[in-house]
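Biologist: Please take a close look at one part of this model, the surroundings of a single residue beside the ligand, and then place that part in the chain as a whole.

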Amino acid sequence: PTAAGARVVLVTGAASGIGRATVDLLLARGSRVVAVDLDELAIEGEVVALAGDVADEETNRAAVALAVEAFGRLDGVVLNAGAGGTLPWEDPGAVAAAERIFAVNLHGPMLGIRAAVPALRQAGGGAIVVTASVAGLRADPGTWAYNASKSAVINLVRAAALDYAAAGIRVNAIAPGLTRTRIIEGADPLLAERVPLGRFAEPGEQAEPIGFLLSPAASYITGTTLVVDGGLDAG
Ligand code: NAD
């Protein structure tokens, strides 16, 4: 255990947006954090950072090893890194681009779960939270690869929750709606009018439910997807 008994949490896609807000929230609550992103990232506090691609098995293994080496244990994992975008079906590069989206959004969490489970078992149990999307529950024109990847990861989470319940490892997802990060930079501000709450989410409004699902307050919640979309999917 760490000196303060603080929880040790691994966060992917930690340099920006929802991942960055999650790191800030966890640090403010006294956790130690291992932060993974494609590029080097500089964060103050009880953080160790790793540059790597979540679609690579080695990045996931190295991140878990780093948590154990730096902080002695691993209690929580936030598999948040994601990639998306509009993809014309008949574009010559569409298949390769879709495979990359599947690699980051589906294989990333699959590899992350596989890498983390031994360390979570060692800690006597833990919690995994995947950032899915409301795009996994509904579709929009042009984003078929993203839609498919996010639907798949929602069911990956359910299956993993069943397989690891006996080990005391809870596995859940959040399904964010439109959130003010780099991903929706340049999005039409009029899109906010489609949201019942009438605005985009701030990244911290996604970090809060992630923090909840990681915490003992969610001790009876596993295999579920918490929709955090301002009512978008209800309409
Ligand atoms: P963001 O672009 O601000 O942050 C994503 C981070 O993930 C970036 O720092 C990026 O470098 C990193 N990343 C991307 N691919 C990676 C890879 N292969 N390996 C390691 N790191 C990688 O975007 P965000 O909105 O904070 O996205 C976080 C998650 O939220 C994603 O899974 C995204 O699909 C999901 N999401 C976002 C929205 C939204 O409206 N912003 C809505 C629903 C779901």
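Modeller: Setting aside neighbours within four places in sequence, Gly82 is in contact with Gly13, Val104, Asn105 and Thr131. The model is predicted, and the contacts are read from it as such. Gly82 sits in the loop between strand S4 (76–79) and H3, the helix that covers residues 94–122. Gly82 counts as buried because it has 27 C-beta neighbours inside 10 Å, where 20 or more are required. Leu214, 132 residues away along the chain, has its C-alpha atom 19 Å from that of Gly82.

Gly82 also belongs to the ligand's surroundings. The ligand is surrounded by 28 residues, and the closest are Gly13, Ser16, Gly17, Gly82 and Thr181. Gly13, one of these closest residues, is also among the contacts of Gly82. By type, the shell holds 13 nonpolar, 12 polar and three charged residues. Helix H1 (17–28) and strand S2 (32–37) each contribute at least two residues to this shell. H1 provides the largest share, three residues.

Next, the nonpolar interior. The largest nonpolar core has 64 residues, and those touching the most other members are Val9, Leu10, Val11, Val36, Ala116, Ile128 and Val129. Within this core, helix H3 accounts for the largest share, eight residues. Val129, one of the residues named for the core, is in contact with Val78, Asn172, Ala173, Ile174, Ile210, Leu213 and Leu214, again leaving aside neighbours within four places in sequence. Leu214 thus appears twice here, as a contact of Val129 and as the residue whose C-alpha atom is 19 Å from that of Gly82.

As for the chain as a whole, the protein has five helices and seven strands, and from the N terminus on they follow the order β-α-β-β-α-β-α-β-α-β-α-β. Of its 235 residues, 44% count as buried. Of the contacts between residues at least 6 apart in sequence, 68% link residues at least 24 apart. The C-alpha trace spans about 50 × 40 × 35 Å along its principal axes. The radius of gyration is 17 Å, which agrees with the value near 18 Å for a compact globule of 235 residues.

On confidence, the protein chain has an average pLDDT of 95, and 97% of the residues score at least 70. For the complex, the predictor gives an ipTM of 0.99 and a pTM of 0.97. Where pLDDT is low, predicted coordinates should not be read in detail.

Conventions:
Residues are numbered from 1 along each chain as its sequence is written. This is a predicted model: local features need pLDDT of at least 70, side-chain atom pairs count only at pLDDT 80 or more; totals for chains, interfaces and linings use all residues. A residue is near a molecule or strand if its C-beta atom, placed from the backbone, lies within 6 Å of it. Helices (H or I, at least four residues) and strands (E, at least two) are DSSP runs, numbered from the N terminus. Ala, Val, Leu, Ile, Met, Phe, Trp, Tyr, Cys and Pro count as nonpolar, Asp, Glu, Lys and Arg as charged, and the others, Gly among them, as polar. A nonpolar core is a set of buried Ala, Val, Leu, Ile, Met, Phe, Trp, Tyr and Cys residues joined through C-beta atoms within 7 Å. A residue is buried if 20 or more other C-beta atoms lie within 10 Å of its own, exposed if 12 or fewer, and partly exposed in between; C-beta atoms are placed from the backbone. Two residues are in contact if their C-beta atoms, placed from the backbone, lie within 7 Å. pLDDT is the predictor's confidence in each residue, from 0 to 100. The radius of gyration is taken over C-alpha atoms; the globule rule is 2.2 Å times the number of residues to the power 0.38.
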